[in-house]
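User: Got a minute to go through this model with me? I'd like to start with one residue and work outwards.

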Amino acid sequence: MRLPIFGEVIFYSDTARLFKTFSFRKAWNLLRLYRSFRASRRSKSAVHKGMPVAISIEPTTACNLGCPECPSGLKVFSRPTGNLRLDLNKRILDELAPWLWYVNFYFQGEPYIHPQFLDLVHYAKSKGIYTSTSTNAHFLSDEKAKSTVESGLDRLIISIDGTSQDTYEQYRVNGSLDKVIEGTKNIIRWKKELRSSTPHIIFQFLVVRPNEHQVDEVFQLAKELGVNEVRLKTAQVYNFENGNPLIPENEKYSRYKKKKDGSWSVKNKMEDHCWRMWSSSVITWDGKLVPCCFDKDAEYRLGDLKQESFRSNWTSPAYNQFRNAVLSGRDQIDICKNCSEGTKVWA
């Protein structure tokens, strides 16, 4: 669920910025993608025309926190930890800019740990692309907040999973709520100082059992601080079949539902299609191409952008084979079994 704090004007101005990236070439590309997606659903065989309209680029896999359901926080990746190189970021964006509407500089890890993170953002903005990132806000010092506003970043998602320290740290292990609030205030102050409408600030509240009683409070806190929007997000847990202490008691905030036999299942109907496989992709810090953000450990590697162009990977037999697998039996793919596509949080 997403709710604007200061009315529809601010909420829709963020959307308007996204559509400022419009061009007829991008619109035609989007139409080609959608038509090929529909054709693939009808035929149950991957037909793909067009380039992605959105991508996620991972600045780093490093993180300062230890969140219990995050492989980055738990330090359990089988893939290496590192930082995205500026030249790789440039090469990716140079190739894709004619079609891209949106770049999310986030996958795993804390983006601001990358020492040149805002240089990545600035280059994307120079190519006329809408930019976003997600942060735990522990690195938003006064200086970094000023640089963030100056970078042109369009959207800043701040994870705030509690309105008191004792609740917040139950999920954001090793985290400080005071730092989150301080970083938020720094961004808001520099937006005013520089008379900037960006970044659009979103408080993202991951609803889990320890914090579900504070849902109303996070909306009030956001309003007091001057945050533009609050989003409630369902939590992914890895061992949910027999229940999990993180699953909210109020099922409307949960990605899972309890069955008559006492076991749990994902609410998603898991239909055999996925628009993401036609419209977007995820790129790890070291140039690996993976199908979506649920492949956190890059298990399904569909290409290597350090070796080949994005286009050659995007249209490769390996990528289409994965799309065909989604069309024929999405519930048989490991990373799809916990997917939230098709589920919503209603408050």
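**A walk through the model**

Analyst: Sure. It's a predicted model. Let's start with arginine 17, which is buried, with a relative accessible area of 13%.

User: Why does 13% count as buried for arginine 17?

Analyst: Because the cut-off for buried is under 20% relative accessible area, and arginine 17 comes in at 13%.

User: Where does arginine 17 sit, in terms of secondary structure?

Analyst: In helix H1, which covers residues 8–19.

User: And what does arginine 17 touch, leaving out residues up to four places away in sequence?

Analyst: Tyr130, Asp154, Ser197, Thr198 and His200. Tyr130 belongs to strand E4, residues 130–135.

User: How many residues of E4 are buried?

Analyst: Six of the six, so the strand is largely enclosed by the rest of the structure.

User: Which residues go on which side of E4?

Analyst: Tyr130, Ser132 and Ser134 are on one side, with Thr131, Thr133 and Thr135 on the other, and both faces are covered. That's the usual pattern: in a regular strand the side chains alternate between the two faces of the sheet.

User: How does E3 run relative to E4, parallel or antiparallel?

Analyst: Parallel, with three bridges joining E4 to strand E3 (residues 102–104). Valine 103 stands opposite threonine 131.

User: Back to the arginine contacts. What kind of peptide bond follows Thr198?

Analyst: A cis one, to proline 199, with omega at about 0°. That proline is in the loop between helix H8 (177–193) and strand E6 (200–207).

User: New topic: which non-glycine residues with a positive phi can you point to?

Analyst: Lysine 44, at about 60°, and alanine 137, near 70°. For background, most residues other than glycine have a negative phi, and most peptide bonds are trans.

User: Are lysine 44 and alanine 137 buried or exposed?

Analyst: Lysine 44 counts as partly exposed at 46% relative accessibility, while alanine 137 is buried at 1%. Lysine 44 is in the loop between helix H2 (24–43) and strand E2 (54–57). Alanine 137 lies in the loop between E4 and helix H6 (142–151).

User: Zooming out, what about the whole chain?

Analyst: It has 12 helices and 12 strands, and 56% of its 347 residues count as buried. The radius of gyration is 20 Å, which agrees with the value near 20 Å for a compact globule with 347 residues.

User: How many charged side chains, positive and negative?

Analyst: There are 51 positive and 39 negative ones, and the centres of the two sets lie 8 Å apart.

Terms used
Residues are numbered from 1 along each chain as its sequence is written. This is a predicted model: local features need pLDDT of at least 70, side-chain atom pairs count only at pLDDT 80 or more; totals for chains, interfaces and linings use all residues. Side-chain values use heavy atoms; hydrogens and water are left out. Helices (H or I, at least four residues) and strands (E, at least two) are DSSP runs, numbered from the N terminus. The radius of gyration is taken over C-alpha atoms; the globule rule is 2.2 Å times the number of residues to the power 0.38. Buried means under 20% relative accessible area, exposed over 50%, partly exposed in between (1.4 Å probe, protein chains only). Lys and Arg count as positive and Asp and Glu as negative; His and the chain ends are not counted. The place of a charge is taken as NZ of Lys, CZ of Arg, CG of Asp or CD of Glu. Two strands pair if DSSP finds at least two bridges between them. Contact means heavy atoms within 4.5 Å.
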